[in-house]
Amino acid sequence: MKKDIYYPAVFFALALALISFISYAFISNGKKEPEHVKVSFIIRGQQNSYWEYVKLGVDKAAYDMKADVSFITLLNDNDEKEQLEAIRREIENKTQIIVMSPTSENIFEKAYELNDKIKFIELESCTKYDNIYASIYADNFNMGIDIGRETYKKYKTGDKIVLIEPKDIPPYYRERINGVESILKSNNIEVEKWVLPLDQSCVDMLKANLMLDSANIIIALDYFTLYNTAYAIKSLNSELDIALFGINSTNEIISYLEEGVINTIVTENTFNLGYLGIKKAVETVKGVNFEPIVNIDYSTINIDNLYEKSNQRVLFPFVK
């Protein structure tokens, strides 16, 4: 009689233990981990120091937000055809969303024709189109206004002001030009424009123009134009007395500012540009509601305020 009771009791205990183990395993390990959001980050040209700063923010956000990010560069700067091909390729690779700095004002419309379901987060400018879920940028027009004001402070009657334009002007650059011109034209100051090729020949062209032309003030409104103009001026062994004003910053740009090659810069927080681009991309895929316009902070910096804490946070936001 005792044996008849013993065996069912053992069986019941083992069954209970097995059920408990399975339940624990299900609760602790059986839950499916959330899948990483697949994000394509397409820039508007080649990799350079400016995009390296942006990528620091991209990498940090990818880690924080558990995103699988493909960082895609172009062979040629501001090449709309090449950027459109990169978009097509990423769509074929089943990307869930694209973060992109556009090469042209109508690139999103052309992308829509490729696939009307693909979602975009736009960087550096604000284009109104149905497939753009957020625009993340520093106010380009107002940054241009600040550069125009700084230029006007330096201007003396008779000075020649030159504005550098890249070939195939991207949207953000045109907005900055409009800001600069709104200040200078309102003060009846004429501006000459030099169109800069987007390859290594740009430095030779700048040197030739600098030696032949008597420019007193030069304005360059992004990293590519500013860095190459500063490089050309310095390579002429300081033979020229030119005040250079520009937008964006990298370690090289800061060095030129410290050396006096560059007079003043207006620069946005490039780390935040990359970080928020990924953050908003992940939130878009997950259906999180947020404001579609995200403004990046920026500062006007010269040698006198370069080392102020607030400016150091803009220049080096990734340093604690």
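Let's start with helix α8, residues 223–235. In this predicted model, α8 lies across five strands: β6, β7, β8, β9 and β10. Against β9, the helix runs at about 160°. For your screens, β8 is 217–220, β9 is 243–247 and β10 is 264–268.

Now the sheet under discussion. Six strands make it up, and the sheet is open. Read across, the order is β7-β6-β8-β9-β10-β12. The pairing is mixed. Which strands stand at the edges? They are β7, residues 191–196, and β12, residues 298–302. Each has a single partner strand, so one side of each is left without a neighbour in the sheet. On average, neighbouring strands here are turned by 20° against each other, ignoring direction.

Let's walk in from the β7 edge. β7 pairs with β6, which covers residues 161–166. The sense is parallel, and there are six bridges. To find the register, take Glu 165: its bridge partner in β7 is Val 195.

Next step, β6 to β8. Again the sense is parallel, this time over four bridges. Here Val 162 has Ile 218 of β8 as its bridge partner.

Then β8 to β9. That pair is parallel too, with four bridges. Ile 219 stands opposite Phe 245 in β9.

Stay on β8 for a moment. Which way do its side chains point? Ile 217 and Ile 219 go one way, while Ile 218 and Ala 220 go the other. That is the general pattern: in a regular strand, side chains alternate between the two faces of the sheet. In β8, all four of these residues are buried.

On to the helix pairs. Two packed helices are described by the angle between their axes and the distance between those axes.

Pair one is α2, residues 49–65, with α10, residues 270–285. The angle is about 35°, and the axes are 6 Å apart. The crossing is right-handed. From α2, the contact includes Tyr 50, Tyr 53, Val 54, Gly 57, Val 58 and Ala 61. From α10, the residues include Phe 271, Gly 274, Tyr 275, Ile 278 and Val 282. How does this contact break down by class? There are 13 nonpolar, three polar and four charged residues.

Pair two is α3, residues 80–92, with α4, residues 107–114. The angle is about 35° and the axes are 10 Å apart. α3 passes α4 in a right-handed crossing. On the α3 side, the contact is made by Glu 80, Gln 83, Leu 84, Ile 87, Arg 88 and Ile 91. On the α4 side, it is Ile 107, Lys 110, Ala 111 and Leu 114. By class, that gives six nonpolar, one polar and three charged residues.

Now zoom out to the whole chain. We have 320 residues, and 49% of them are buried. The secondary structure comes to 11 helices and 12 strands. What about contacts between residues at least 6 apart in sequence? Of those, 71% join residues at least 24 apart.

Last, confidence. The mean pLDDT of the chain is 88. 88% of the residues reach 70 or more. Where does the pLDDT fall below 50? Look at residues 21–28. Beyond near neighbours in sequence, that stretch has three contacts in the model.

That's the tour. Happy to take questions.

How values were computed
Residues are numbered from 1 along each chain as its sequence is written. This is a predicted model: local features need pLDDT of at least 70, side-chain atom pairs count only at pLDDT 80 or more; totals for chains, interfaces and linings use all residues. Side-chain values use heavy atoms; hydrogens and water are left out. Two strands pair if DSSP finds at least two bridges between them. Axes are lines fitted to C-alpha atoms, for helices over the stretch in contact, and angles run from 0 to 180 degrees between N-to-C directions. Contact means heavy atoms within 4.5 Å. pLDDT is the predictor's confidence in each residue, from 0 to 100. A crossing is left-handed if the near helix is turned anticlockwise from the far one by less than a right angle, and right-handed if clockwise. Ala, Val, Leu, Ile, Met, Phe, Trp, Tyr, Cys and Pro count as nonpolar, Asp, Glu, Lys and Arg as charged, and the others, Gly among them, as polar. Buried means under 20% relative accessible area, exposed over 50%, partly exposed in between (1.4 Å probe, protein chains only).
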